[in-house]
Amino acid sequence: QVQLAESGGGLAQSGGSLRLSCAASGVIFRSGSIFKIDSMAWYRQAPGKQRELVASLGPSDTPSYEDSVRGRFTIHRDIAKNMAFLEMNSLRPEDTAVYYCNAVILNILLRDTRPYWGPGTQVTVSS
């Protein structure tokens with residue numbers, strides 16, 4: 001019932017910027033819904049490497065960043081639009097990866113959470 005879709009990926013030059021968007025959709029995302037986005041995060045997986053957490057934003061809206069992106073990337077969300085964003089600045093070739101949106105959805109009635117993933121969007125940074 002919950003779907004995530006990333007967008008905004010593409011090709012950027014070293015030192016450039018990209019803005020990734022993550023849109024959550026589904027029939028549950030309506031006013032009065034028993035579901036709520038508890039937290040969101042961005043992961044990435046580069047060729048030959050494991051998927052790693054890049055940035056996260058929990059219920060307190062306090063962001064957390066992986067060391068290599070701290071100061072360059074910014075995660076934020078628009079609760080009303082059910083969207084999350086990753087502002088990427090000062091891009092480096094090593095940032096090249098498939099970026100995945102992750103959302104933890106809370107069932108208010110059941111007090112239960114479940115993670116969901118988007119299909120990913122490719123980010124390529126040229127030297």
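I began with the charged groups over rings and found the charged end of R51 over the ring of W117, 5.0 Å from its centre. The model I am reading is a predicted one. I then looked up R19, which lies over the face of F85 at 4.3 Å from the ring centre. For pairs between aromatic rings, I recorded one in the structure.

Next entry: the nonpolar core. I noted that the largest one has 29 residues, and that W42, F73, L86, M88 and Y99 touch the most other members. I listed the strands that each supply at least two residues of this core: β3 (18–25), β4 (35–45), β5 (52–57), β7 (73–78), β8 (83–88), β9 (97–107) and β11 (121–126). Of these, β9 gives the most, with five residues.

I followed M88 further. Which residues does M88 touch, not counting those up to four places away in sequence? I found G16, S17, L18, L20, R72, F73, Y99 and V123.

Last entry: G10. I located G10 in strand β2, which covers residues 10–13. Is G10 buried or exposed? I entered G10 as partly exposed, because its relative accessibility is 24% and the buried class requires under 20%. Leaving aside neighbours within four places in sequence, I found G10 in contact with L18, Q122, V123 and T124. I also checked the backbone separation of G10 and V123: their C-alpha atoms are 5.0 Å apart, although the two residues stand 113 residues apart along the chain. I noted in closing that L18 and V123 appear in the contact list of G10 and also among the residues that M88 touches.

Technical notes: Residues are numbered from 1 along each chain as its sequence is written. This is a predicted model: local features need pLDDT of at least 70, side-chain atom pairs count only at pLDDT 80 or more; totals for chains, interfaces and linings use all residues. Side-chain values use heavy atoms; hydrogens and water are left out. Helices (H or I, at least four residues) and strands (E, at least two) are DSSP runs, numbered from the N terminus. Buried means under 20% relative accessible area, exposed over 50%, partly exposed in between (1.4 Å probe, protein chains only). Contact means heavy atoms within 4.5 Å. A nonpolar core is a set of buried Ala, Val, Leu, Ile, Met, Phe, Trp, Tyr and Cys residues joined through side-chain atoms within 4.5 Å. Rings of Phe, Tyr and Trp (its six-membered ring) pair if their centres lie within 6.5 Å; planes under 30 degrees apart count as stacked, over 60 as edge-to-face and the rest as tilted. A charge sits over a ring if NZ of Lys or CZ of Arg is within 6 Å of the ring centre and within 35 degrees of the ring normal.
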